[in-house]
Amino acid sequence: MLGFYRESAIAASIEDVFAYHARAGALERLTPPWEPLTVIERNGTIANRGEVKAKLFPGLEVVARHTDYEPPLLFRDEQARGPFSSWRHTHRFEAIGAERTKLIDEIEYALPFGSLGALIAGRAVSRRLDRMFTYRHTVTALDNERMAWAKPFGTKRVAVTGASGLLGRALCRFLTLAGHEVLPVVRTSSSSPPPQTPHLAWDPAAGTIDSAGFEGIDAVVHLAGEPIGHKRWTPEFRQLVLASREQGTRLIARTLARLQRPPSVFVSASAVGYYGNGGDAWLDEDAPSGEGYLAEVCRHWEAASLEATPVRTVVVRIGLVLSLSGGPLVDILRPFRWGVGLHFGSGRQFMPWIGIDDVVGAIHHALFDASVVGPVNLVAPAPERNRDFMSILGAVLGRPAWAKAPAFALRAALGGQKADELLLSGQRLRPRKLQAAGFRFLHAELEPALRHLLGRAGRDG
């Protein structure tokens with residue numbers, strides 16, 4: 001029998017930390033993005049000794065059964081079916097103060113083929129567990145710190161557009177774990193049946209929305225919009241992107257402005273493309289809009305969001321979101337996995353990046369902090385030049401990063417305007433308003449952010 005042990009101090013009460021683990025979505029939230037685990041089915045809950053069936057790889061499923069439940073001190077799950085000969089995971093919680101908890105994970109497991117299996121695979125499994133629980137404990141500590149900060153404001157009913165997208169999924173999961181009621185705003189039409197779960201309906205193209213459903217909602221987060229990176233920028237596609245942002249945002253903003261019981265806050269997405277190519281100059285939220293197609297889109301997008309007045313409106317100008325679940329990092333990693341990383345053009349352009357956990361945390365902060373209003377840069381405090389970004393990523397991966405994608409090749413492959421605005425220009429941005437509001441970034445520097453996301457922050461590296 002082999003074992004694994006990890007403990008961490010969490011800045012929240014034992015009741016809150018236990019409740020966080022017991023809520024729906026905790027497993028998905030705490031599963032590292034590099035782990036190929038997908039929950040397929042749930043029967044019951046932790047409290048009633050339920051089971052979870054998940055897929056690890058195609059053709060390989062694992063079933064975990066909850067066997068003990070003693071709130072707020074412990075719960076336990078065991079493998080009913082899966083790749084281990086046996087697996088028993090005990091989650092323990094110990095109060096070390098009124099608002100501080102020791103989180104303990106203890107695992108006892110046996111590998112197939114007994115001593116031979118332990119000899120062959122034991123060290124690899126130990127390293128994998130170290131990576132996994134370094135990530136889990138980091139996320140648990142972060143989430144509970146942010147939830148404890150917002151606890152005095154109470155629980156809210158929050159409507160979210162774009163809930164099925166990269167940011168929407170992460171935000172909805174976090175808000176649910178914090179105990180809030182989340183209502184996705186779902187696109188519906190006569191040809192698509194509505195989902196069976198609670199939701200609000202809209203159809204931006206048709207200009208229809210469930211206005212009555214928004215009455216009494218505490219907060220609205222608007223993240224919906226046509227992605228810009230997956231197609232060539234033909235005139236038709238550029239118009240589609242602009243319309244999807246301007247029309248949808250105007251529809252929801254005007255709806256909120258007309259409500260008898262409007263929300264206290266409207267958080268609407270925008271992008272750092274607002275600033276155009278900023279060169280080497282430091283920019284904050286007071287900087288003027290720049291030139292180019294993306295800047296034009298952002299100006300229309302933001303102007304539409306302001307029609308929600310008098311509702312407190314926060315426009316989040318989101319940078320390059322780092323996540324393994326989607327977004328630019330997935331594409332950036334591909335050449336590294338082929339053997340060598342590459343920078344774009346001269347590599348001197350700045351990349352205003354931000355980790356997905358900090359995007360979620362910043363939006364959460366904006367929902368409750370009434371001092372946050374108007375445009376807000378959602379970027380980390382330390383942007384990197386493109387070539388330095390690739391060099392740091394290469395060091396984390398243990399791969400070289402000397403190759404270059406010439407500007408002419410990028411323009412030929414993507415189209416001149418798309419390559420110029422997405423890859424060959426950048427912005428050196430400060431998150432001045434977030435810092436003034438006291439928001440604490442999980443990762444203000446790039447290397448620790450990448451190590452966290454890629455599972456290179458554990459004791460074994």
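The lining of the second largest pocket in this predicted model comprises 25 nonpolar, nine polar and eight charged residues. That pocket has a volume of about 1100 Å³, and its lining counts 42 residues, of which Leu27, Leu37, Ala64, Trp87 and Arg136 lie nearest the centre. Beyond the pocket, the model holds an open sheet of eight strands with mixed pairing, two cis peptide bonds that precede prolines, at proline 72 and at proline 310, and positive phi values at arginine 49 and phenylalanine 113.

**The second largest pocket**

- Two or more lining residues come from each of the helices α1 (14-22), α2 (26-30) and α3 (114-150), and likewise from each of the strands β3 (51-57), β4 (60-70), β5 (74-81) and β6 (86-95).
- Among these contributors, α3 supplies the largest share of the lining, with six residues.

**The eight-strand sheet**

- Read across the sheet, the strands follow the order β11-β10-β9-β8-β12-β13-β15-β20, and the sheet is open with mixed pairing.
- Because β11 (208-209) and β20 (374-378) stand at the edges and have a single partner strand each, one side of each is left without a neighbour in the sheet.
- Within this sheet, β13 (residues 265-271) and β15 (residues 312-318) run parallel to one another and are paired over seven bridges, with alanine 269 standing opposite valine 316 in β15.
- In general, the strands of a sheet pair through backbone hydrogen bonds, in either a parallel or an antiparallel sense.

**Helices lying across the sheet**

- Helix α4, formed by residues 166-177, lies across β8 (157-161), β9 (181-187), β12 (219-222) and β15, and the angle at which it runs to β9 is about 155°.
- Helix α9, formed by residues 356-368, lies across β12, β13, β15 and β20, and runs at about 145° to β13.
- Strands β12 and β15 are therefore crossed by α4 and also by α9.

**Backbone geometry in the loops**

- As background to the exceptions listed here, most peptide bonds are trans, and most residues other than glycine have a negative phi.
- A cis peptide bond with omega of about -5° joins proline 71 to proline 72, and proline 72 is found in the loop between β4 and β5.
- The bond from threonine 309 to proline 310 is also cis, with omega near 15°, and proline 310 belongs to the loop that lies between α7 (293-305) and β15.
- Arginine 49, although not a glycine, has a positive phi of about 60°; this arginine is found in the loop between β2 (38-43) and β3, where arginine 49 is partly exposed, since its relative accessible area is 41%.
- Phenylalanine 113, likewise a residue other than glycine, has a positive phi near 70° and lies in the loop between β7 (101-110) and α3; with a relative accessible area of 72%, phenylalanine 113 counts as exposed, because the cut-off for that class is over 50%.

**Lysine 151**

- Lysine 151 is found in the loop between α3 and β8, and its relative accessible area of 48% makes it partly exposed, because that class lies between the limits of under 20% for buried and over 50% for exposed.
- The separation between lysine 151 and valine 62 is 89 residues in sequence and 36 Å in space, taken from C-alpha to C-alpha.

Note on methods:
Residues numbered from 1 in each chain as written. Predicted model: local features only at pLDDT ≥ 70, side-chain atom pairs only at ≥ 80, totals over all residues. Heavy atoms only, no water. Pairing = 2+ DSSP bridges. Helix = DSSP H or I, 4+ residues; strand = E, 2+ residues; numbered from the N terminus. Contact = heavy atoms within 4.5 Å. Axes fitted to C-alpha atoms, helices over the stretch in contact; angles between N-to-C directions. 1 Å grid on protein atoms, 1.4 Å probe; cavity = no way out; pocket = protein on both sides within 12 Å on 5 of 7 lines; lining within 4 Å. Points joined across faces, edges and corners; volume = space filled by probe spheres on them. Nonpolar A, V, L, I, M, F, W, Y, C, P; charged D, E, K, R; others polar. Buried < 20%, exposed > 50% of the residue type's maximum accessible area, 1.4 Å probe, protein only.
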